[in-house]
Amino acid sequence: MLTGNKPTILCVDDDSTNLKLMNEILKEEYTVYLAPSASRAIAFLRLGKLPNLILLDVEMPNMNGYEAIKAIKEVPEWKDIPILFLTGLEGRDKEQEAFALGAVDYILKPISAGIVKARVRLHTELETYRKHLESLVLLRTRQLNMTQDCILDMLANVTSYRDNETGVHIKCTTYYTELIADALVLRGEDDYKMTEEYADSVKKSAKLHDIGKVAVPDHILLKPGRLTDEEFDCIKMHTVYGARMLDNAMEDLGETSSFLEVAREIIIGHHEKWNGKGYPFGISEKEIPLSARVMAIVDVYDALISVRPYKTPFTHEDAVGVLKKDAGLHFDPYLIDFCGDLFEQFKIIGMKHLEEDLNNAPEKWR
């Protein structure tokens with residue numbers, strides 16, 4: 001909106017007498033801008049001079065008021081400006097048409113100074129109140145998002161403190177996931193469609209993929225050597241344990257949450273395999289949610305290049321080679337191909353954090 005102490009009003013009328021009259025009525029309380037036609041009013045708006053309110057005459061040559069309001073409402077930056085019609089036409093059909101097009105009110109001609117002042121004051125105050133509410137909602141939303149992010153980081157840290165893996169794994173897999181999710185949003189293919197909202201949930205959920213490991217007994221989770229078959233079966237349950245935690249959270253909320261649903265997809269599905277030989281359910285191909293198929297790639301890539309007590313880190317090239325070799329077996333072949341150029345960015349992220357991974361790893365791992 002235009003800056004200044006007074007609210008701003010744009011009056012649009014092809015009758016210069018009416019424009020002068022409106023200016024006289026409103027100029028003490030408002031900054032008034034006058035436009036002798038709808039096209040001049042739209043040109044004014046295109047300059048970025050957005051008023052607090054528009055008074056728009058209905059009967060004008062070339063572009064009438066109904067056509068003008070349609071044009072104004074089609075522009076996102078303009079669509080919320082309150083519009084009051086000025087009209088000499090009476091009747092319910094005209095009134096309904098005005099409101100259907102987005103007008104908030106209308107004033108009948110001949111113009112009454114008292115009615116104009118009262119209607120304009122009412123709607124400028126309502127607009128100020130609406131803007132105030134919007135700012136409060138935005139502030140509250142930012143605060144809630146910050147709180148959610150802090151809680152997610154805290155939960156992710158709980159996982160890293162209990163596991164042999166360092167917190168770097170959670171950090172890196174989150175970065176890799178963000179790269180793939182953002183690229184999928186831009187690609188927009190039907191079979192791999194990822195909306196911005198879904199992508200945002202995937203990116204936030206990535207750090208929770210191993211949260212279920214907090215329920216795995218220490219003697220198995222922290223075992224420095226290779227696991228027995230029985231111990232590995234217990235480790236596999238971390239996907240189910242994590243999903244149960246999310247189920248309990250959603251039950252406590254008493255409603256569905258798109259974010260928690262996506263988090264659950266990732267937690268329970270990131271060890272499923274394209275060929276159906278993964279766990280916990282052995283589902284295959286596109287039965288596996290897209291979010292979990294993305295997570296499977298980044299989880300394995302980072303595990304391969306990271307320091308672990310049972311192996312030395314793979315080079316980036318060797319790790320990508322493993323992913324490509326297992327395309328169509330472990331991983332979604334389309335996603336592996338899709339990640340071709342992104343893998344170079346994986347390398348940059350991985351190299352950046354490898355030193356931190358080495359520094360944080362126990363001495364006996366190095």
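These questions and answers walk through a predicted model, its sheet and some of its helices.

Local features need pLDDT of at least 70, side-chain atom pairs count only at pLDDT 80 or more, and totals for chains, interfaces and linings use all residues. Residues are numbered from 1 along each chain as its sequence is written, and side-chain values use heavy atoms, with hydrogens and water left out.

Student: Which strands are the edge strands of the open sheet?
Tutor: Helices (H or I, at least four residues) and strands (E, at least two) are DSSP runs, numbered from the N terminus. Two strands pair if DSSP finds at least two bridges between them. The sheet has five strands in the order E2-E1-E3-E4-E5, with parallel pairing. Pairing on one side only marks the edge strands, E2 (31-35) and E5 (105-108).

Student: Which residue is the bridge partner of Leu86 in E5?
Tutor: E4 and E5 pair in the parallel sense, over four bridges. In E5, the partner of Leu86 is Ile107.

Student: Which side chains of E5 point to one face and are buried?
Tutor: Buried means under 20% relative accessible area, exposed over 50%, and partly exposed in between (1.4 Å probe, protein chains only). In a regular strand the side chains alternate between the two faces of the sheet. Along E5, Tyr106 and Leu108 point to the other face and are not buried. The buried ones are Asp105 and Ile107.

Student: At what angle to E1 does helix H2 run?
Tutor: Axes are lines fitted to C-alpha atoms, for helices over the stretch in contact (heavy atoms within 4.5 Å). Angles run from 0 to 180 degrees between N-to-C directions. H2 (residues 38-46) lies across E1, E2 and E3, and its angle to E1 is about 150°.

Student: Why are the buried residues of H9 on the same side?
Tutor: H9 (residues 229-236) buries Glu231, Cys234 and Ile235. The arc is that of the directions from the helix axis to the C-beta atoms. These residues share a side of H9 because they cover an arc of only 100°.

Student: Which exposed residues does the face of H9 turned away from its buried side carry?
Tutor: Helices H8 (218-221) and H10 (238-253) are among what covers the buried residues of H9. The face turned away carries Asp229 and Glu230.

Student: Is H10 roughly parallel or antiparallel to H11?
Tutor: H10 and H11 (residues 258-269) pack at about 165°, with axes 8 Å apart. Angles under 35 degrees count as roughly parallel, over 145 as roughly antiparallel, 65 to 115 as roughly perpendicular and the rest as oblique. So H10 is, relative to H11, roughly antiparallel.
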